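Dear colleague,

I am handing over the structure below, which you have not worked with before. Please look through it once before reading on, and then compare it with my notes.

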Amino acid sequence: PDHLVLDPTVHEVIVEKNETALFTAVNKWKKGKVLLRKADKDSGKQLAGAVYGIYDAKTDEEIMRMTTLSKGYAVSENLRFGTYYVKEIKAPDGYLLDETRYPITVEENDQKIEITGIDERVYGQISVVKRGKVLDYAGGKFVYEERSIPGMCVQIIAGQNIMDPSQDGVILYAEGDVVDTITTDKDGTAVSRLLPLGHYQVKEIEAPDGFVL
C-alpha cells in the first residue's frame, strides 16, 4: 500500500500435509522529518528560539512542536505518511510572528523536507509633541493660550546598549549614542525614524524662538 514501506524480504513458509500455514506480513509506515531553518529578513542570520507547530492538514490538530536551537535549525520527530502544514507559534524575541503556513507532504520513507522561515524585526518610533503658552490678543485683552509649538529640536539617545536581536553580543547603538535628531513641525509634532527595540532618552537641545530650553 502507498503509505507503507515495501518489504523485499523473501519469507519462508512451510506447509505440512493436511494443514494450513499462517503467514503474517508486517510493513512499516513511511516516515519523514521536517528540517527547519529560521532566518532574519534583514541580515539573513539564523535565529534561535522560534517555536513551530506541525499540524494535520485535514483536522488542524497539532501533532508536535519544534524549537530552533542556537544555530537556527530544528529537526522534527518522525512524521507518518500524510499531509501536514507547519506554522510559527512563537517568534524569537524582537521579531514579528510569521503567519505563513508551510504545507508539507510525507510520501517517501526517510524523506527530509526542508523549510526556511523568515522573520521581520520589530521596530518602533518615538513621537514628541511640543506645546506651550503663547501670549495673544483676543477680545480686547492679552491672554495666554496653549498652542502647538514648532521649532523644538530634540535628540533621541540610547538609554542603554541597544542590541542586535539576530546576533548575540552585537551592539547596534551604545549607551549614550545619539540615534536620531528631530524637530517639531508647524503642528508641534516630531516623529523619529524607525528604531530597534530598547530604552531611549529624549533630550531637548534647541528651544523654539522665545522659549527657554
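Is Lys90 buried, partly exposed or exposed? Lys90 has a relative accessible area of 42%, and because buried means under 20% and exposed over 50%, Lys90 counts as partly exposed. Please keep in mind throughout that this is a predicted model.

Lys90 is also a good way into the charged pairs, since the closest N and O atoms of Lys90 and Asp93 are 4.0 Å apart and the two residues form a salt bridge. Its partner Asp93 counts as exposed, with a relative accessibility of 66%. The whole model comes to 12 salt bridges by the rule applied here.

A second pair joins Glu88 and Lys38, whose side chains meet in a salt bridge with an N to O distance of 3.3 Å. Glu88 belongs to strand E6 (residues 82-90) and Lys38 to strand E1 (residues 31-40), so this salt bridge ties together parts of the chain that are 50 residues apart in sequence. Both of these residues, Glu88 and Lys38, are buried.

A third pair is formed by Arg121 and Asp42, with 3.7 Å between the closest N and O atoms of their salt bridge. Arg121 sits in the loop between strand E8 (111-119) and strand E9 (123-124), while Asp42 sits in the loop between E1 and strand E2 (51-56), so that parts 79 residues apart in sequence are tied together by the pair. Arg121 is buried, its relative accessible area being 13%. Both residues also belong to a network of salt bridges that links Asp40, Asp42, Arg121 and Asp164.

Strand E2 deserves a closer reading of its own. Five of the six residues of E2 are buried, so that the strand is mostly covered. E2 runs antiparallel to strand E3 (residues 62-67), to which five bridges join it, and E2 is likewise antiparallel to E6, with six bridges between them. On the E3 side, Tyr52 has Met66 as its bridge partner, and on the E6 side, Asp56 stands opposite Tyr84. The hairpin of E2 and E3 has five residues between the strands, and there Asp60 takes a positive phi near 65°.

The nonpolar interior takes up some of these residues again. The largest nonpolar core has 16 residues, of which Ile54, Met66, Leu79, Val86 and Ile104 touch the most other members. Two or more residues of this core come from each of E1, E2, E3, E6, strand E7 (101-106) and E8, and the largest share, three residues, comes from E7. Beyond its neighbours within four places in sequence, Ile54 is in contact with a list of residues that includes Val34, Ile63, Met66, Leu79, Tyr84 and Val86. Another core lies apart from this one and has 11 residues, among them Met152, Ile156, Ile162 and Ala190.

Finally, there is a nonpolar patch on the surface, formed by Val13, Val15 and Phe23, which together have about 280 Å² of accessible area. Val13 is found in the segment before E1, and with a relative accessible area of 42% Val13 is partly exposed.

With best regards

Terms used. Residues numbered from 1 in each chain as written. Predicted model: local features only at pLDDT ≥ 70, side-chain atom pairs only at ≥ 80, totals over all residues. Heavy atoms only, no water. Helix = DSSP H or I, 4+ residues; strand = E, 2+ residues; numbered from the N terminus. Buried < 20%, exposed > 50% of the residue type's maximum accessible area, 1.4 Å probe, protein only. Patch = residues over 30% accessible without salt bridge, like charges linked within 9 Å, V, L, I, M, F, W, Y side chains within 5 Å. Areas by Shrake-Rupley, 256 points an atom, 1.4 Å probe, with all protein chains shown as cover. Pairing = 2+ DSSP bridges. Core = buried A, V, L, I, M, F, W, Y, C linked by side-chain atoms within 4.5 Å. Contact = heavy atoms within 4.5 Å.
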